[in-house]
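Here are my notes for you to read alongside the model. Take the points in order, and keep the structure open as you go.

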Amino acid sequence: MSVDQHLQALTKVVVNNLENQHDWTQVQTHNQDNLPRPLLYGLAPKRLYVHPDEQIEIIKAEKELNERIPQEPELEWVLPLHLAEKWSISDFSAVFDAITAIPPGGESVNANEDAQWQLWRGRKRGKRILLATVQDDSTVTYYWMHNGLVKPRQN
Amino acid sequence: MPSTEDDRQVRISKIAGRYLVFDIDDVAYIRRQHGICAVFTGTMPQNPTQNVFLGLPLELYAEDAKMLLDRKVAYIADDPLEHLNKLKSMDDETRKSYLQSIKTQRRTAQLVFDEAKAQSQARHKDKRKPKQPPVVVPTELPPASVADDAAVEQEEGGEESFFESPSKPVKTAPVAPQKPPVKEKLPAITPTTSNAMIHNGTSNPDVENHTALPLYSYLNERGYFITPGLRFGGDFSVYPGDPFRYHAHYMANSYGWDEKIPMLDLVTSGRLGTAVKKSFLMGGQKPATGDSEAGELRAFCIEWAGM
């Protein structure tokens with residue numbers, strides 16, 4: 001099997017898993033010349049990642065408004081990988097350098113940037129990619145990879 | 001030892017390939033000013049098996065030592081070698097100043113004893129006062145620490161002869177000498193360090209095996225404190241401030257720029273990091289190319305995505 005075919009198959013497994021096991025929608029394949037392989041992006045049924053500082057801003061805003069702020073899901077990047085692969089820091093750097101923080105089409109979701117907490121969906125959002133690691137039995141595990149030092153969530 | 005922190009030179013003793021700091025002021029200085037905690041490795045001579053409360057010396061990572069060296073606030077002394085050299089080549093003046101420093105320590109000890117004695121006497125006097133109005137002059141007591149005066153004299157004699165230049169005949173028999181009556185009676189001490197013998201050295205043996213230095217100093221420059229990471233399953237645990245005040249944020253591993261990392265390592269480390277409420281930090285530095293020397297350092301954090 002050629003490399004291209006392998007990557008296509010890998011991407012397909014991840015797309016199927018996202019759509020059918022995790023109920024993602026709008027899953028798209030993203031090709032770019034400077035990317036070593038196609039990336040995916042899509043919309044999870046509920047919001048997947050909230051930065052701890054953003055969470056503080058949200059709680060502050062909720063206290064001020066005296067109501068819950070619904071957290072709409074965001075478009076997220078997904079990088080399909082196979083468990084047998086080995087990647088180096090330079091490989092990951094190349095991927096992060098090639099992408100924008102927000103996947104295409106994700107910018108328009110939040111027009112109002114007055115509130116501090118909403119900045120985290122716009123210019124304060126750091127680059128992050130969901131690593132989708134596929135094993136031969138078609139198990140897919142998902143891990144966040146953030147660019148730079150990003151403190152852990154309070155879980 | 002310089003008193004101001006500006007010109008402090010931390011003495012790092014290199015012993016058997018390990019970097020040790022023996023001066024408690026140096027330990028406080030590098031922790032406060034340079035964000036280095038390192039690891040206490042010394043135990044107590046009285047109870048060498050206890051390993052819960054460890055003290056001096058502090059063992060530094062090679063990365064710590066290199067970092068301090070690069071900041072020009074430390075020097076590395078090849079301790080076994082330097083110690084022997086200093087002992088062998090001690091000139092008259094150094095010998096005198098060393099003996100003088102011993103004497104100063106003994107005077108300090110005497111002062112402490114005197115003070116303690118005065119305090120306890122004052123306490124007793126207060127207790128007795130209501131019963132015995134006439135003031136009783138307390139009888140002269142020998143210095144509290146000294147059980148045997150003869151022992152003190154022996155010690156003094158022994159000490160001086162030990163550092164006598166070899167031309168003079170060395171007294172070996174510790175017969176109580178005819179001491180001049182004016183000599184101070186000071187308690188004998190057993191020096192636990194030979195600091196006074198050693199002045200700022202300049203020997204700088206090379207620091208080896210500091211492969212994690214780029215990531216290490218990257219984190220240190222951003223105010224993070226780094227301790228060994230075995231307890232969380234990585235090379236380093238990284239704290240956002242002094243570990244006395246914060247929980248670790250990251251467990252970190254340092255990699256080469258093109259070092260291939262098995263995906264399973266990322267998954268297991270990410271999983272483990274999340275299980276201990278940390279994120280797994282991996283970092284590496286771009287190697288120097290033809291025209292630019294130090295490449296950028298890239299760091300990535302991995303967390304379980306919860307799906």
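**Notes on the model**

1. Let's begin with a helix in chain A. The buried residues of H3(A) are A:Ile89, A:Ser90, A:Phe92, A:Ser93, A:Val95, A:Phe96 and A:Ala98. Please keep in mind that this is a predicted model. Helix H3 of chain A spans residues 89-98, and with seven of its ten residues buried, the helix is mostly covered. While you look at it, recall that an α-helix has 3.6 residues a turn, so residues three or four places apart point the same way.

2. Next, find strand S3 of chain A, residues 75-82. Why is S3(A) described as largely enclosed by the rest of the structure? Eight of its eight residues are buried, so the strand is largely enclosed. Try following the side chains: A:Leu75, A:Trp77, A:Leu79 and A:Leu81 point one way, A:Glu76, A:Val78, A:Pro80 and A:His82 point the other way, and all are buried. Here "buried" means under 20% relative accessible area.

3. Now for the neighbours of S3(A). As a reminder, strands of a sheet pair through backbone hydrogen bonds, either parallel or antiparallel. Strand S2 of chain A (residues 39-43) pairs with S3(A) in the antiparallel sense, over four bridges. With strand S5 of chain A (residues 128-134), S3(A) runs parallel, and six bridges join the two. A:Trp77 is a good residue to click on: A:Tyr41 has A:Trp77 as its bridge partner in S3(A), and the partner of A:Trp77 in S5(A) is A:Ile129.

4. Zoom out to the sheet. How many strands form it, and in what order? Ten strands make an open sheet of mixed pairing, and the order is S1(A)-S2(A)-S3(A)-S5(A)-S6(A)-S11(B)-S10(B)-S8(B)-S7(B)-S6(B). The edge strands are S1 of chain A (25-30) and S6 of chain B (225-228), each pairing on one side only. From one strand to the next, the twist averages 30 degrees.

5. In the chain B part of that order, look at S10(B) and S11(B). Strand S10 covers residues 279-285 and strand S11 covers residues 297-304; they pair in the antiparallel sense over six bridges. You can check this at B:Leu281, which stands opposite B:Cys301 in S11(B).

6. Chain B has another set of strands worth a visit. Strand S4 (residues 55-60) is joined to strand S2 (residues 18-21) by three bridges, and the two run antiparallel. Here B:Leu20 stands opposite B:Glu59. Strand S3 of chain B (residues 39-42) also pairs with S4(B) in the antiparallel sense, over three bridges, with B:Gly42 opposite B:Gly55.

7. Two annotations come from an unreviewed UniProt entry. "Domain: TSEN34 N-terminal" covers residues 10-79 of chain B; over this stretch the chain is 30% helix and 36% strand, with the end C-alpha atoms 14 Å apart. "Domain: tRNA intron endonuclease catalytic" covers residues 215-282 of chain B; there the chain is 29% helix and 28% strand, and its end C-alpha atoms are 9 Å apart.

8. Finally, look for empty space. A search of the whole structure finds two cavities of 30 Å³ or more. The second largest holds about 40 Å³. Which residues line the second largest cavity? They are B:Gly35, B:Ile36, B:Cys37, B:Ala38, B:Asp64, B:Tyr216, B:Asn220 and B:Ile226. By class, this lining has five nonpolar, two polar and one charged residues.

How values were computed. Residues numbered from 1 in each chain as written. Chains lettered and ligands numbered in written order. Predicted model: local features only at pLDDT ≥ 70, side-chain atom pairs only at ≥ 80, totals over all residues. Heavy atoms only, no water. 1 Å grid on protein atoms, 1.4 Å probe; cavity = no way out; pocket = protein on both sides within 12 Å on 5 of 7 lines; lining within 4 Å. Points joined across faces, edges and corners; volume = space filled by probe spheres on them. Nonpolar A, V, L, I, M, F, W, Y, C, P; charged D, E, K, R; others polar. UniProt positions renumbered as here; feature names shortened; annotations may be inferred. Buried < 20%, exposed > 50% of the residue type's maximum accessible area, 1.4 Å probe, protein only. Pairing = 2+ DSSP bridges. Axes fitted to C-alpha atoms, helices over the stretch in contact; angles between N-to-C directions.
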